[in-house]
Structure formats: structure tokens, C-alpha cells
Amino acid sequence: MSSFRKALKSKQRDHKERSQLNFRKHLGLLEKKKDYKLRADDYHKKQNTLNAMRKRAMDKNPDEFYFKMINSQLKEGVHVDKKKEEEEVTDEQKKVMRTQDIKYVEMKRVSEARKIERLKSELHLLDAEGKQNNQQTFFVDTKKEVEAFDLAAHLNTVPELVKRTFNRPMVETLEKKSIVGTAETWNIEKLAKQRRHQYEILSQRIEREKKMFVISQKIQTRKELADKTRKVKVKKETANSAAIYKFEAKRKR
């Protein structure tokens, strides 16, 4: 049997694919049936997809709505989700809001407020930097009096104390009583430096109290949002203020 097969094989010719005609060689290689089959399948697949899309468009409900319709946008031919506006919360606020309870934050805020009041009562804010300069106006009748006006004589004090906004005793007081306190220049400068340091501490405590108040408001807002009552955002959250919501009026039973 094997010898018979060998005899048949020797008589068979090798199959040769038909080549492109000479006058059509500029069109490229001659397309074979397997190439045509691939091209035809691809064409029919695309036609079926287009027909399915046309049918889906014809059967679409005009009142149909998906949130993706408003939450996505076309970018370079591709639908991508719109970036949501994130509420402004600093890293420090996030850390405190995750780890601390609102009662603790409120306790720290009240503690800072009391320390601020105590510092204010000690310093009186008499010569704080950035404080608005007060003005005192004196009225006279003639221009000669304006030219001859002596501020120290009008205030009944010595010229060295005229620029003071506080602790400005009169001449009679200076004659009757002795000056209490130091008079050395270096000591006065030291006391002024200590006073400036106290004002810096006061401004830091005021800033800290403001931050604690904002954190407390944001934590309280997040707790209230857990309620299922219908609400509308009136003002978005910022780094210096909590978000403001308007809740639907609900009668309590």
C-alpha cells in the first residue's frame, strides 16, 4: 500500500497559486479566497453592528435618563467622567476631623478662647502692632493759636510723655508722687520686647481658636448630613468655613 501511495505522489504536480497579471501588478498582490473571506467577515460584522445600533436608536425611550448623561463629557472622541469639585479641606483639618471628636475640639476651642480673654485683660491691646491708630482732634479759634499750639501744655504733661497712648500722668501727679518702675533704657527695651512677645502669642492663639471653630463646624455639618432629611447645598465648603445646607422643614411628633 505504501508503495502505491509513493507511486501516486510521484505523479502529482505541486500546486501553484495564480499570480497577478502583468498589466495589473500595480494593484499589488492578487487577493486569494482566504483574504476575501477575512475581508467579507469584517465587513458583515461592521454592518451587523451598525444595524443593531440603528435598531437601538429607533427603540430608545425619549424620556430615558442616566446620570452619566450629565456626569460625563466627550474628550477626544471618548466619554470620560467629569471631575467632581472637591470640597476644600486642609490636611490639618482632615487629620483632626478623623482622629478627634467634636466634644474634644469644642473643649479645646473654649480653652483657647479663655486664654485669649486672659491675655487681652493683661495687655489691654494698648500698643499692639497693627492696631488702628486713634486720633484726637483739638479745636482752636484762630490761626495764631494753631501756630502757637503746645500739645504738652494742653494735655498738662511733660513733652517726653506726649507720644504715649497710655500711662501719661499730669504734671501735678509727677510733682506729688514718685515714678513707680524702672527708668533704665535697657530695662525699658527688655520690657517692650517681652510685651511684643506676648502680643505674638495672643495673635497665634486667636488664629488657633479660629481654626478649631472651623473644624468644629465641619464635623457638626458632617454629622447632620447623616440624617435622611432632604437638603439642598446653599454654599460649598471652603478652607475657612463649613458648607451651608438648607434642610426641609419637618414637623416633630
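Visitor: Before we start, what do "buried" and "exposed" mean here?
Guide: Welcome! We are looking at a predicted model. A residue is buried under 20% relative accessible area, and partly exposed is the class in between. The word exposed is kept for a relative accessible area over 50%.

Visitor: Which residues of H5 are exposed?
Guide: Let's begin with the other side of the helix, where Ile102, Val105, Arg109, Glu112, Ile116, Leu119 and Leu123 are buried. Seen down the axis of H5, these buried residues fall within an arc of 110°, so they line one face of the helix. On the other side of H5, the exposed residues are Lys103, Arg114, Glu117 and Glu122.

Visitor: How far apart are the end C-alpha atoms of helix H5?
Guide: Helix H5 covers residues 102-123, which makes 22 residues. At 1.5 Å a residue, the expected span is 32 Å. The model agrees with that, as the end C-alpha atoms are 31 Å apart.

Visitor: Is Phe67 buried or exposed?
Guide: You can find Phe67 in the loop between helix H2 (33-58) and helix H3 (68-71). Its relative accessible area is 58%. The cut-off is over 50%, so Phe67 is exposed.

Visitor: What kind of aromatic pair do Phe65 and Phe67 make?
Guide: The count comes to one aromatic pair. Its ring centres, in Phe65 and Phe67, are 5.3 Å apart. The planes stand at 70°, and an angle over 60 degrees counts as edge-to-face. So the pair is edge-to-face.

Visitor: What accessible area does the nonpolar patch have together?
Guide: Phe65 belongs to this patch, and at 46% relative accessibility Phe65 counts as partly exposed. Phe65, Tyr66, Phe67, Met69 and Ile70 form the patch on the surface, and together their accessible area is about 560 Å².

Terms used
Residues are numbered from 1 along each chain as its sequence is written. This is a predicted model: local features need pLDDT of at least 70, side-chain atom pairs count only at pLDDT 80 or more; totals for chains, interfaces and linings use all residues. Side-chain values use heavy atoms; hydrogens and water are left out. Rings of Phe, Tyr and Trp (its six-membered ring) pair if their centres lie within 6.5 Å; planes under 30 degrees apart count as stacked, over 60 as edge-to-face and the rest as tilted. Buried means under 20% relative accessible area, exposed over 50%, partly exposed in between (1.4 Å probe, protein chains only). Helices (H or I, at least four residues) and strands (E, at least two) are DSSP runs, numbered from the N terminus. The expected span of a helix is 1.5 Å times one less than its number of residues. The arc is that of the directions from the helix axis to the C-beta atoms. Patches are made of residues with over 30% relative accessible area and no salt bridge: like charges are joined within 9 Å, nonpolar side chains (Val, Leu, Ile, Met, Phe, Trp, Tyr) within 5 Å. Accessible areas come from the Shrake-Rupley method with a 1.4 Å probe; for residues, only the protein chains shown count as cover. A salt bridge is a side-chain nitrogen of Lys or Arg within 4 Å of a carboxyl oxygen of Asp or Glu.
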